[in-house]
Structure formats: structure tokens, C-alpha cells
Amino acid sequence: MSSKEIFSYLQEHPLLRGIPDNELQIAASSIQPIDFMDGQPLLIEGEIGTECYFIRTGNVEVSSRNLIGKSMLLAELGPGALVGEIGLLQNERRTARVTAIGEVTALRLERQLFEQLSESSPLFYESMMLTLNIRMIHRKLRNATIWSAIPDAELRGLAEVTVIQKVARGETIVAEGALSDQFYMVSKGSFEVNGKKRKRTVLLEGDFFGEEMLLTETPSDIAIVASEDSELLVMGKNEFLYVLSYYAPIQKQFMGVLHIRSPHLLSKVKSEFRGNSEQVSVENSSTLTKTRERWVDVLLWLGGSFIALSALALFLNNSWLNIVVMIVGGLVGPVTFVSYIRDHQLLGFRQTRLGMLFAASAIFAVPAAWFLERLWLFNSGLDFTQFRLPLSVSLIEESVKLLVCLLFIRKKQMHFLMDAIVFGAAAGMGFAAVESMIYGWSHMGEASSVGMLSVLWIRALLSPFGHGAWTAIAVAAIWIGVTSIKLKTNSNARIMYKVVSAFLLLLTVISLHALWDFDFVNGWGKVGAMIIIGFIDIILLYILIRIGRKEEIQSFTTMNPYVQEPLHHFDLDEKEDDELHCSGCGTVSPRSARYCARCGHALRIK
């Protein structure tokens with residue numbers, strides 16, 4: 001491409017009108033035509049900008065990574081478009097990636113030449129600044145993935161009615177008791193949230209506030225103050241409500257946020273938003289319903305170690321090695337079971353939290369149960385052939401496990417039924433692990449290594465049908481009863497049904513535990529009873545996990561409507577972390593999440 005052809009192109013370009021021909025001729029002699037192949041990047045996000053490009057032929061896609069590191073399409077541009085000018089105008093690193101779609105020919109302008117053209121033509125500079133402002137807001141709205149369900153063309157219209165507000169450190173955005181008519185999105189910096197009825201939280205990029213006041217016309221019960229010099233995207237009340245009325249997935253998303261943050265305000269939501277029952281697209285639910293298989297790794301590692309150590313213990317008959325085998329054998333079944341239950345949870349907590357509860361139950365529940373049983377029962381003259389004794393043992397052991405579980409977790413942490421099931425399984429299996437070790441220790445003294453190993457292997461195989469299942473079901477029953485009472489939208493009949501169901505589940509757990517401990521006269525009767533009890537345990541757990549998974553998936557898809565990213569080329573450096581960790585509540589969410597379904601905070605990669 002000759003300098004004459006470049007000059008003709010610049011002369012006809014609408015952005016360069018008003019620039020004298022002699023300056024355009026000088027510019028044309030310095031511009032370099034460059035050809036790009038399909039998929040080749042013109043600009044790379046994060047790099048320092050030193051040039052920009054006029055697209056002469058072909059098309060390019062503009063993409064940017066959002067807070068969770070996923071590439072999002074910002075625009076597809078054709079001949080005549082200018083790309084890369086934002087980095088030159090702001091003197092900052094690139095905020096987007098530009099990639100060729102097919103073969104592309106572009107004209108390259110170095111920074112110095114771009115600045116000369118800007119000085120020569122006020123129209124060129126003003127056009128660049130206007131484009132810069134709209135593109136910046138559009139990119140920030142796209143990165144603020146609460147709007148991800150809006151088509152790109154309409155999101156550009158939303159960008160035109162959204163303004164950027166700079167905020168100084170210490171500035172109050174919303175005062176407690178005030179009523180705002182604006183919706184706010186954090187695009188930079190951090191904000192502290194304080195209130196009499198709210199735990200102190202911090203809002204970061206991608207988080208938002210103000211929706212409660214706009215949806216319910218209720219004064220704010222929190223104060224929001226800038227923790228540092230920050231930046232907000234501000235949208236008016238009419239524009240916000242219009243978007244909600246037009247896009248059902250976004251409306252449902254904000255109703256989900258309101259249910260999480262302020263369920264007591266649901267009855268005050270405007271009538272036009274209250275009754276929407278349209279289902280959010282769940283096209284990504286096929287990946288959500290797939291459970292992880294980490295429990296298999298746990299079983300292989302612990303089970304393999306137990307087998308190897310068992311063989312060594314039989315061969316060496318060393319007392320210290322026997323103790324190690326006893327500890328590993330006591331852990332293999334319980335830890336594998338908890339891992340299996342945790343793998344079925346979509347929105348869980350870090351494994352360290354479960355480990356702490358597991359240990360707390362082992363350290364506190366077992367000694368407490370031992371003390372109470374010897375204080376009240378084992379000097380009473382009863383034995384396990386009388387149902388009263390195993391029933392009393394069942395009541396004591398289930399009570400101490402529940403007490404440790406309920407005292408260990410914070411009040412508002414069990415947001416989902418699966419939380420109750422997983423926490424209950426961890427508490428129950430912590431108890432079971434120590435109990436197995438105690439039984440192994442007693443048999444080690446009586447019958448050497450063979451007796452200890454026999455007991456440990458039997459208890460490892462039977463562990464899924466005992467304490468872990470019972471406590472998981474019991475905690476789930478308490479969760480069902482308590483949440484049905486607290487949820488004010490439930491009718492009296494539904495509350496009664498849930499409470500009775502919870503009571504029956506608790507009664508079933510106590511009975512199953514007592515029957516498991518009952519000393520049947522006939523040995524086959526004991527075996528048959530254990531098979532029936534195990535079958536009932538598994539069926540109840542299966543039903544509860546199915547209900548809990550469905551609840552989690554519904555909450556997840558409400559907060560994260562499915563979005564198809566129509567990118568032609570993906571960034572090969574894009575991170576593919578297994579999970580995302582919420583900075584607000586610590587919830588572990590799937591990689592496809594954008595907002596935490598437990599607290600509503602924006603998720604982000606570290």
C-alpha cells in the first residue's frame with residue numbers, strides 16, 4: 001500500500017476531517033500498513049500502549065477479561081474503526097485485547113503521530129474523548145457482570161445514560177436512614193458498609209448497592225462510606241427500573257440479591273416486580289449437576305496407606321506402628337465419607353472449615369458423650385439387650401454432636417440445606433473417627449494387631465451408615481424446621497408440615513442409632529438390622545442431597561444467568577481455576593460463577 005493510498009484513506013476518514021492536507025501527507029509517510037492473520041492479536045490486554053490502528057480491511061473483535069478472568073466480547077469492528085486510542089489518551093496499560101477475525105489490513109500510528117493529529121484537529125480529539133468515555137463505561141458495565149444478560153448493542157445504550165462519579169476517601173455515599181434514587185456500581189476502590197443490623201462488609205470492584213431502596217422505596221438501614229479514593233458507575237432510578245422490567249433474568253437476579261441481603265423487605269417490593277415467575281435460563285446446569293470426584297483421591301491415598309501400613313503392622317508387630325495404623329484406619333472411612341458429601345455441594349466453604357469442625361467434634365463431643373454416659377447410664381445396671389440403654393446412648397451422642405456442630409458454625413452461615421448436610425456429616429464423622437480409634441486400641445491390647453485391624457476394617461466399611469449419616473440427617477432436620485419458621489412468606493400449613501417433617505427426621509435418626517447399638521440375641525438379627533438401617537440412612541441422605549442440590553442450583557442460576565460468550569478467539573493465557581473464593585463470606589463457587597449465591601458479592605480471581 002503506497003503513501004498516496006494511505007493519504008487518500010486518511011483524507012476520507014470522518015475522524016480526520018479538518019486536518020490540513022500537508023499534515024495528512026506527512027502522517028501518511030509515517031504510517032505503516034500491517035497485515036494480520038486470523039487469530040493474530042493487534043493489541044494485547046495489559047501491555048503498555050505505544051500505537052493505535054485504523055482498520056482498513058477485514059474485521060477485529062475487541063475482548064476483555066472480567067473479574068473472574070473470563071474473556072468477554074466488547075465489540076466487533078470493521079473497516080474504518082480506530083483501535084488502541086484509549087491506551088494512548090490515558091497513558092495506561094491496554095484495557096482490552098483486539099484480535100483479527102480472518103485476514104486484516106491495518107494502518108499503524110505511533111504515539112507521536114497520534115498526538116500530532118490530535119493537536120492538529122480539535123474535532124479529532126473531541127471525537128476521541130467522547131468515544132473514550134462511552135467505551136470506558138461500556139467496558140466497566142460489561143465487566144460488572146450483573147448486566148451480562150443484556151445484549152451488547154443495548155448495553156451501549158445503557159452506557160450513554162450511566163455516569164462516572166469520582167469519590168474521595170471518607171465520603172459518605174449513602175447515609176443510614178436516607179433514601180437514594182440512584183443505583184451504584186463499584187468500578188474502582190473500596191467502600192465500607194456499616195449498619196446496626198448488618199455485619200461490617202467491604203464492597204469492591206464489581207459489587208453494587210442501592211437496589212433495595214429503588215425496589216422497595218425503603219430508607220437505607222446501612223451507611224456506605226468510601227474507604228479510599230474510589231470510582232462509581234451511577235445509574236438513575238428510571239433507567240434501573242426500566243432495565244429490570246425489560247429483562248426477566250436480571251429482574252430475578254436482583255430479587256435473589258434482595259432475598260439474600262434483606263429478606264424482610266421482600267413484601268415491600270413493587271408489585272410489578274414481585275410476581276415474575278419466568279425461569280432463568282439454566283443451559284449451564286449440565287455442568288453444575290456434575291459432582292467432583294475428589295473423594296476418590298482421598299480414598300486412594302488414605303485407603304492405600306491403610307493397606308500398606310496394615311501389611312507392615314502384621315509383619316513387624318511394632319507397637320508404635322500399630323498406633324499409626326490405628327489413626328489412619330480410624331480416619332480412612334470418615335474422611336472419605338465427608339469428602340464424598342462435600343463433592344456433592346455446589347456452594348460450599350473451604351475444606352479447612354470442615355476440617356476444624358471434624359476435629360472439634362472429635363476433641364469435644366467424644367469426651368462429653370463418654371462422661372455423660374458413665375455418669376448417667378453405665379452404673380444403672382442396664383445392658384444393651386434392653387432398648388432403654390441404646391436409646392439413651394443415642395440421645396446423648398446425637399445431642400453432643402449436634403451441640404458441637406451448632407456452636408461451631410456461625411448463625412447465618414447455613415444458608416442452604418446442603419450446608420447443614422455437609423456440616424452434619426463432618427461433625428458426625430469426627431466423632432466416628434475417634435470412636436473407631438478407641439475400639440481399635442481396646443482390641444489391640446486384647447488380641448494384638450490382627451484384632452485391631454479387623455475392627456478398623458469393619459468400622460471403615462460400615463462408617464457411611466453410622467454417625468456421619470445420622471448427624472447429617474439430624475442437622476438437616478433442624479435446618480428445615482428453623483428456616484420454615486423464619487421464612488415469613490410460608491403459610492401456617494406449610495410451616496406446620498415442615499416442622500413435623502423435621503421432628504420425624506430427628507425421631508428417625510434417634511431410633512436408627514438406638515437400633516444400631518441394640519444387642520440382638522440372634523446374631524443374624526443384628527446383621528439384618530444393620531442392613532436395614534444402612535439402607536434407610538442412604539435413602540434419606542440421597543433424598544436430602546437431591547433436594548439440597550436442586551436448591552443450590554436454583555440459587556446459583558438466579559444469581560448467575562447463563563451467558564453465551566460469542567468469541568471467535570479465546571485468550572490462551574486465560575486462567576482455568578477449579579473454583580472461586582468469595583472475599584465476602586468465604587464461599588467456594590464453581591468457575592462459571594460471577595456472583596456469590598450466598599452473600600451476593602462479586603467474585604474475582606486473585
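How far apart are the end C-alpha atoms of helix α9, and what should its 14 residues span at 1.5 Å a residue? I put this first in my notebook. The model is predicted, and I read every value with that in mind.

**Entry: helix α9**

I took α9 as residues 248–261. The expected span is 20 Å, and the end C-alpha atoms lie 20 Å apart, so the two agree.

Next I asked how many residues of α9 are buried. I found 12 of the 14, so the helix is mostly covered, buried here being under 20% relative accessible area. I went through the names. Among the buried residues are Ala 248, Ile 250, Phe 254, Met 255, Val 257, Leu 258 and Ile 260. Gln 251, Lys 252, Gln 253 and Arg 261 are also on the buried list. So is Gly 256.

**Entry: the open sheet**

I then turned to a sheet of 4 strands. Its order is β8-β13-β10-β11, the sheet is open, and the pairing is antiparallel. Which strands stand at the edges? I noted β8 (172–174) and β11. Each has a single partner strand, so one side of each has no neighbour in the sheet. From one strand to the next, the twist averages 25°.

I looked at one pair in detail. Strand β10 meets β13 (residues 223–226) in the antiparallel sense, over 4 bridges. Within β13, Ala 226 is the bridge partner of Phe 191.

**Entry: Lys 196**

I followed β10 (191–195) to its end and on into the loop before β11 (198–203). Lys 196 is in that loop. Is Lys 196 buried or exposed? I recorded a relative accessible area of 79%, which is over the 50% cut-off, so Lys 196 is exposed.

Which residues does Lys 196 contact, beyond neighbours within four places in sequence? I listed Glu 176 and Asp 221. I checked the separation from Glu 176 as well. Lys 196 and Glu 176 are 20 residues apart in sequence, and their C-alpha atoms are 9.4 Å apart in space.

**Entry: the whole chain**

Last, I stepped back to the protein chain. I counted 19 helices and 16 strands. The chain has 606 residues, and 50% of them are buried. I also looked at contacts between residues at least 6 apart in sequence. Of these, 76% join residues at least 24 apart. The accessible surface comes to about 28700 Å². Carbon and sulfur atoms account for 60% of that surface.

How values were computed: Residues numbered from 1 in each chain as written. Predicted model: local features only at pLDDT ≥ 70, side-chain atom pairs only at ≥ 80, totals over all residues. Heavy atoms only, no water. Helix = DSSP H or I, 4+ residues; strand = E, 2+ residues; numbered from the N terminus. Buried < 20%, exposed > 50% of the residue type's maximum accessible area, 1.4 Å probe, protein only. Contact = heavy atoms within 4.5 Å. Expected span 1.5 Å × (residues − 1). Pairing = 2+ DSSP bridges. Axes fitted to C-alpha atoms, helices over the stretch in contact; angles between N-to-C directions. Areas by Shrake-Rupley, 256 points an atom, 1.4 Å probe, with all protein chains shown as cover.
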